[in-house]
Amino acid sequence: MIAVTGGAGPDVVFDGVGGEIGRAAFEVTARGGRFSVHGASSGTATVIDPAQAQQRGVTVIGIEQLPAFGPHMLRWGAQIMAEAAAGRIRPVIGQTFPLDRAADAHASIENRSGLGKTLLLI
């Protein structure tokens, strides 16, 4: 991920795995970025030392904060779509599959072999 971002790391990381993978994801989060803990499929949620996050200027968003996002969702959605339409935000498309290979696409996602988004082409 560092190479894809020119060495800076991603500005926003959504950690749904936790454990060692979540910790590694925090380590590559860009200085001044945001790290969202919203799952623990590994069995344990990622725990970030507040002092370490503050030192790097990383805002850590915990799963307990998600209900407070509701009132802001429409405004934030409009803002992010405007940024994407203006070309200032671009997803990393790591791989594409024709629709008839959807099972292969799902297998790739499940075994975590892809970087970025996996798209089905129709």
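Trainee: Is Thr-46 buried or exposed?
Mentor: Buried, with a relative accessible area of 9%; the cut-offs are under 20% for buried, over 50% for exposed and partly exposed in between, using a 1.4 Å probe and protein chains only. This is a predicted model, where local features need pLDDT of at least 70, side-chain atom pairs need 80 or more, and totals for chains, interfaces and linings use all residues. Residues are numbered from 1 along each chain as its sequence is written, and side-chain values use heavy atoms, without hydrogens and water.

Trainee: Where is Thr-46 found?
Mentor: Thr-46 sits in the loop between β2 (34–37) and α2 (50–56); helices are DSSP H or I runs of at least four residues, strands E runs of at least two, numbered from the N terminus.

Trainee: Which side chain does the Thr-46 side chain make a polar contact with?
Mentor: That of Asp-15, at 2.4 Å. A polar contact is an N or O pair within 3.5 Å, with a possible donor and acceptor within protein; sequence-adjacent residues count only through side-chain atoms on both sides.

Trainee: And which strand is Asp-15 in?
Mentor: Asp-15 belongs to β1 (residues 12–15). Its side chain also reaches the backbone nitrogen of Val-17 at 3.1 Å, and one of its polar atoms lies 2.8 Å from the backbone nitrogen of Gly-18.

Trainee: How far away is the nearest side chain of opposite charge to Asp-15?
Mentor: That's Arg-112, 8.4 Å away, and Asp-15 is buried with no salt bridge.

Trainee: New topic: where does Val-92 lie?
Mentor: Val-92 is in the loop between α3 (73–85) and β4 (93–98). Val-92 counts as partly exposed because its relative accessible area is 31%.

Definitions and conventions
Lys and Arg count as positive and Asp and Glu as negative; His and the chain ends are not counted. A salt bridge is a side-chain nitrogen of Lys or Arg within 4 Å of a carboxyl oxygen of Asp or Glu.
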